[in-house]
Amino acid sequence: MDEDNSLNEARNSFDLLILFLIVGNEGGRNARRRRHWEEFMSAHQTATTTVNDRRPDAHSVGADKSGVLADLKPDVFFRYFEEISRIPRGSYNEKQVSDYIAKFARDRGLECYQDDIHNILVKKPGTSGYENASPLIFHGHTDIVCESDEGVEHDFAKQGIKLRIDGDFIHGTGTTLGADNTVGVALALSVLDSTDIPHPPLEVVLTVQEEVGKGGAQHFDASRLTGRRLIDFNWHDPKSLFAGCAGDISARFRIPVEWQKAPVGLTAMRLFVKGLSSGHSEFDIHLERANAIVLLARVVGALLDELPVRLASVRGGVNRYVIPGDAEALLLVHQADVDRASEIVRNVAADIKKEFFVSDPKLEVGLEPSDGLVERILSDVTANSVVQAITLTPNGVQSMSLTIANLVESSNTIALLSTSDEEVEILSTIPSAISSRRYAILKRIERLAELMGRGTKVTTFADCPEWPYNKDSKLLAVASRAFEDTFKARPHVEVSHSSLELGLFNKKIPGIDMISIGPEAFDVHTTRERLNHTTVEPIWRLLKEILRNLRD
């Protein structure tokens, strides 16, 4: 059903919103833009509702018009957003959502292909007058980052997301929302479901495992695609068109573990770092937020410098694309040293809080008794190696672009820390707009492993190329004109430090022409993630205008 009549009735309020979106500085993620948004949203009435997590019935695809998002426009988008949100779909657990999309396609007589890891491709012919136009690829990904607040019990393998509305924002309830990239799936299904939106032949690719190394795009057989132009829906700034991104690679720093039997008579203590702002390791890296794993190593190092503390295990982080917001270590301390250990932790914590009082005002560092039975500890050599590796591995912004103002060119995030029977692993993700700088940062990490010796090694995975900005892009020109026609203003054209699957499509399909669009989302990959639902309708209008202009 076309939404144009109801949208026209709300034109005045949406025009005000668009005017707000268009003014401001360049850069979709800068602090001023965020502050303006929060001031704008605080003027609106807050209404909070919740919805129980329910899995969609196999026979109700597209049929449920009740729910927490039922009154939002465009209704077709929010119906699919809510239905998809009910489906568990963490990385490697995408079969159910893939089957949902496959049934959606079959019910509408659309061509559908699922591969062995549940990537899905749906094809729809062009509408009348567009039958012979060049095919257009839509792209999004089906998996989400799964993180919950401390004290919130949520089984992401079996439960969907409990949605709630707070003013103009949609949130999860104590969990990540998954707007990245439920938005993309819902936009694609909304167009596939339409009967009155003019469009060229569509090839909709929805990939899996994007959040854990872009495994779906790596695996997808691009020879099944005939299109040479693509619109991606993994962008989070409605006042801009996204036209280029970095590539990235992940590195596992592996330190072999030497275990020793835990001495008797020592007190088990839990050292924790928590309450950090966290955020997307590529979108938010320039905000200078603290890294919980780096801070943990700093505190452990201070303890090891002064006391015969023994380290039993370390852990931290949730995902390779998330700045770690929490980390912890299990320690054994002589009872006579407990007070001194607590004093050291307080002193280091005081310094850290001063350093990050702007970016991480809720940061907590503490030492508390642990009830767990500690039977083994890391050797002193292993414990010191862990501290050295984390301390000396590059972390944060490494270089800024010299061609695009205020754009991070390369960075590294120490994202995950874990202890197993065989090793302590420190996982880093290295995005860069220039491949040589990405590999130069990687080489620094590899050199560090060589210096440490004793079997320490670095392995890599998920090497994804960059997607260079093309100022002569025909699709970008069409989208820019559509933006001007829709909003009576010129769009910002953004190139981002984030690494998207588009780099892989650019490599697999030479000459492909691409852009990315999407509504406003903040703090993706964290439990503060929120989608500004009032920005969906403008993006929906923009998408339809772009499609209308792709007749050739």
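## Cavities and a helix pair

Helix α6 is the top contributor to the lining of the second largest cavity, giving four residues. Keep in mind that this is a predicted model. The full lining of that cavity consists of A179, D180, N181, V183, F233, N234, W235, H236, P519, A521 and L531.

Now for the wider picture. The structure has four cavities of 30 Å³ or more. Here is how the largest and the second largest look side by side:

| Cavity | Volume | Nonpolar lining residues | Polar lining residues | Charged lining residues |
|---|---|---|---|---|
| Largest | about 70 Å³ | three nonpolar | six polar | four charged |
| Second largest | about 50 Å³ | seven nonpolar | three polar | one charged |

The largest cavity is lined by 13 residues, and those closest to its centre are D180, E210, N234, H280 and L500. D180 and N234 turn up in the lining of the second largest cavity too.

Back to α6, this time with its neighbour α5. How do the two helices sit relative to each other? Helix α5 covers residues 95–107 and helix α6 covers residues 179–192; their axes come within 11 Å and cross at roughly 10°. Angles under 35 degrees count as roughly parallel, so α5 and α6 are roughly parallel to each other. On the α5 side, the contact is made by Y100, I101 and F104, while α6 brings V185, L189 and L192. Sorted by class, the contact of α5 with α6 has six nonpolar residues, with no polar and no charged ones.

Methods
Residues numbered from 1 in each chain as written. Predicted model: local features only at pLDDT ≥ 70, side-chain atom pairs only at ≥ 80, totals over all residues. Heavy atoms only, no water. Axes fitted to C-alpha atoms, helices over the stretch in contact; angles between N-to-C directions. Parallel < 35°, antiparallel > 145°, perpendicular 65-115°, else oblique. Contact = heavy atoms within 4.5 Å. Nonpolar A, V, L, I, M, F, W, Y, C, P; charged D, E, K, R; others polar. 1 Å grid on protein atoms, 1.4 Å probe; cavity = no way out; pocket = protein on both sides within 12 Å on 5 of 7 lines; lining within 4 Å. Points joined across faces, edges and corners; volume = space filled by probe spheres on them.
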